[in-house]
Amino acid sequence: MTESPSKSIHQGRNVKRFREMLGIKQEALAYELGEDWNQKKISLLEQKEEIEASLLAQIADVLKLPVEAFQNFDEEQAVNIISNTFTCSDFKDNASVMNFNPTFDPVDKILKLHEEKIALYERMLKEKDEMMTRLEKLIGK
């Protein structure tokens, strides 16, 4: 199927549209794509007119949509794709993308990182105190 020159497909915008229709935040999509990804990278990705095929396939897999949805998007097709991809039982069984990653809570992740940071600072302070004690002994105080 060839596209007419007047109809330009913006794959990044299509990723954004589907992500938003599915109720998925940029942070959640970034988390699912791996540790190299963050919200800012997703934002930049959504501004790209064309996305590499392998990355588009990975995004399609995460969003549980066909790659063609991003390549051949128009509003009517989007509604059909989503309605045909997700059945009512998906939503009732909490097995849908709407409940994107129930085990991942960004707030818990931030709190865990904060606790790890505090523990690191405490270890560093303890090491500094031990080093100061050794230095004082060496200089004879």
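Start by selecting Phe18 and Phe70: both are buried, where buried means under 20% relative accessible area, exposed over 50% and partly exposed in between, with a 1.4 Å probe and protein chains only. What you have open is a predicted model, in which local features need pLDDT of at least 70, side-chain atom pairs count only at pLDDT 80 or more, and totals for chains, interfaces and linings use all residues. Residues are numbered from 1 along each chain as its sequence is written, and side-chain values use heavy atoms, with hydrogens and water left out.

Stay with those two rings for a moment. The structure holds 1 aromatic pair. The ring centres of Phe18 and Phe70 lie 5.5 Å apart and their planes meet at 80 degrees, so the pair is edge-to-face. For such pairs, rings of Phe, Tyr and Trp (its six-membered ring) need centres within 6.5 Å; planes under 30 degrees apart count as stacked, over 60 as edge-to-face and the rest as tilted. Phe18 belongs to helix H1 (residues 11-21) and Phe70 to helix H5 (residues 68-71), so this pair, 52 residues apart, links distant parts of the chain.

Now colour by secondary structure. You should find 8 helices and 0 strands; these are DSSP runs numbered from the N terminus, with helices (H or I) of at least four residues and strands (E) of at least two.

Next, select helix H2 (residues 26-33), where Gln26, Ala28, Leu29, Ala30 and Leu33 are buried. What do the buried residues of H2 pack against? Their partners are H1, helix H3 (39-45) and helix H4 (53-63), with contact meaning heavy atoms within 4.5 Å. Step past the end of H2 to Gly34, whose phi is positive, near 120 degrees.

Move on to Trp37 and Lys41. The charged end of Lys41 sits over the Trp37 ring, 4.5 Å from its centre; the test asks for NZ of Lys or CZ of Arg within 6 Å of the ring centre and within 35 degrees of the ring normal.

Finish at helix H8 (residues 106-139), which includes Ile139. Ile139 counts as exposed because its relative accessibility is 62%. Add Met131, Met132, Leu135 and Leu138 to the selection: with Ile139 they form a nonpolar patch on the surface, about 550 Å² of accessible area together.

Before closing the viewer, show the whole chain: 28% of its 141 residues count as buried.

Notes
Patches are made of residues with over 30% relative accessible area and no salt bridge: like charges are joined within 9 Å, nonpolar side chains (Val, Leu, Ile, Met, Phe, Trp, Tyr) within 5 Å. Accessible areas come from the Shrake-Rupley method with a 1.4 Å probe; for residues, only the protein chains shown count as cover. A salt bridge is a side-chain nitrogen of Lys or Arg within 4 Å of a carboxyl oxygen of Asp or Glu.
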